[in-house]
Amino acid sequence: KDSITRVNLFTVDQDRVVFILGDFMIEIIKLLSEKVKQPTTIEQQIQILKSRNVIIDDEETAVRYLKLYNYYFITGYLHPYKNKKDGSYIPISFGKILNQIQFDMRLREICMYGLDIIEKSLKTMLAYHFSHNYQYGNIAYFYKEFFPGKESSHEKLISYYQKAVENNKDLPFVKHNMNTYGILPTWAAIELFTMGNLENFFKLLKNECIREIEKEIGFPKNKIANWIESLRIFRNMVAHNQRLYNFTIPSTPIKTKEYNEQSGKIFDYIVVMKYLFLDIKDWNEYLIPRLEYIFEDFKEEIELKCIGFPKNWKDILMK
């Protein structure tokens with residue numbers, strides 16, 4: 001009876017309870033908002049940039065680009081010019097920052113093309129060798145019984161995959177296979193894998209399967225696994241518009257005897273792209289010339305050392 005009374009009382013007063021809780025929440029939001037940086041107008045943003053030694057000769061141009069590019073995004077390019085000791089900034093022109101941003105956009109476009117090709121070929125290769133090296137290889141990817149000793153890793157992978165199936169259920173190939181068979185065959189399922197999924201799937205494969213992939217790529221599994229992980233990180237950088245120019249990467253991929261220098265810049269990732277980009281003609285006749293073109297186009301505005309490219313970069317990258 002007491003429980004029923006309490007429920008009834010809450011039902012009667014629930015509007016007031018919601019009102020009080022809502023009012024309390026607004027106070028919390030207010031306190032938090034006061035601690036976080038406040039929004040600034042474009043005019044204020046220009047003044048802040050000037051205070052950081054950014055030289056702005058044409059304020060109309062600055063206004064136009066601050067409307068195009070997020071102020072927070074632009075200021076990311078100021079980090080290399082900050083004095084670590086006293087927090088002051090080395091003088092730099094707004095135009096030079098814009099050139100770096102535009103160079104980065106062109107460079108990202110080329111890198112994303114290469115990364116997409118690599119991702120497609122990895123999906124093709126893993127699906128093919130898995131299908132032909134596992135019993136019931138057309139659907140075995142889905143069942144933990146085929147991954148003895150690695151069941152927990154497999155379950156985690158499949159949980160991500162099932163979310164991807166649900167999120168893409170209206171795609172024609174997903175809808176067709178699910179309606180027809182109730183499951184996607186390996187070569188269709190892998191199309192829903194992210195680079196992170198590919199990295200984890202590769203680690204689950206049995207030795208016979210991995211040996212065939214090693215032969216096709218030409219490197220041992222420890223390097224392949226490390227390179228897939230590295231390119232997952234790099235792909236996220238590229239896809240999310242992270243600064244590439246003058247950016248120091250947190251960790252560098254495993255190198256080979258052919259080229260084992262570390263630049264600490266994105267050149268380290270692009271060397272790895274060379275090893276996993278299996279279409280030699282496309283790499284040599286499209287991707288490398290595209291890099292040459294933008295380097296020539298921006299030769300007055302950028303320094304190749306700021307992305308880790310040595311003077312003989314073309315000799316290193318040609319396949």
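Here are a few questions and answers about a predicted model.

Visitor: Is Arg108 buried or exposed?
Guide: Happy to start there. Arg108 lies in helix H5, which covers residues 94-133. Its relative accessible area is 5%, and the cut-off for a buried residue is under 20%. Arg108 is therefore classed as buried.

Visitor: With which side chain does the side chain of Arg108 make a polar contact?
Guide: Leaving aside neighbours within four places in sequence, Arg108 is in contact with residues including Phe73, Val238, Asn241 and Leu244. The polar contact, at 3.4 Å, is made with the side chain of Tyr77.

Visitor: Asn241 is in contact with Arg108; is Asn241 buried, exposed or partly exposed?
Guide: Asn241 sits in the loop between helix H11 (221-239) and helix H12 (267-276). Its relative accessibility is 43%, and the class between 20% and 50% is partly exposed. So Asn241 counts as partly exposed.

Visitor: How far apart in space are Asn241 and Asn197, C-alpha to C-alpha?
Guide: In sequence, 44 residues separate Asn241 and Asn197. In space, their C-alpha atoms are apart by 22 Å.

Visitor: Where does the largest share of the largest nonpolar core come from?
Guide: A good one to trace in the model. This core has 76 residues, and Phe201, Leu205, Phe234, Leu291 and Leu317 touch the most other members. The largest share is twelve residues, and they come from H5.

Visitor: How many residues are in the second, separate core?
Guide: Tyr77, the polar partner of Arg108, is one of its members. Leu66, Leu98 and Ile101 are also among them. The size of this second core is 20 residues.

Methods: Residues are numbered from 1 along each chain as its sequence is written. This is a predicted model: local features need pLDDT of at least 70, side-chain atom pairs count only at pLDDT 80 or more; totals for chains, interfaces and linings use all residues. Side-chain values use heavy atoms; hydrogens and water are left out. Helices (H or I, at least four residues) and strands (E, at least two) are DSSP runs, numbered from the N terminus. Buried means under 20% relative accessible area, exposed over 50%, partly exposed in between (1.4 Å probe, protein chains only). A polar contact is a pair of N or O atoms within 3.5 Å; within protein, one must be able to donate a hydrogen and the other to accept it, and residues adjacent in sequence count only if both atoms are side-chain atoms. Contact means heavy atoms within 4.5 Å. A nonpolar core is a set of buried Ala, Val, Leu, Ile, Met, Phe, Trp, Tyr and Cys residues joined through side-chain atoms within 4.5 Å.
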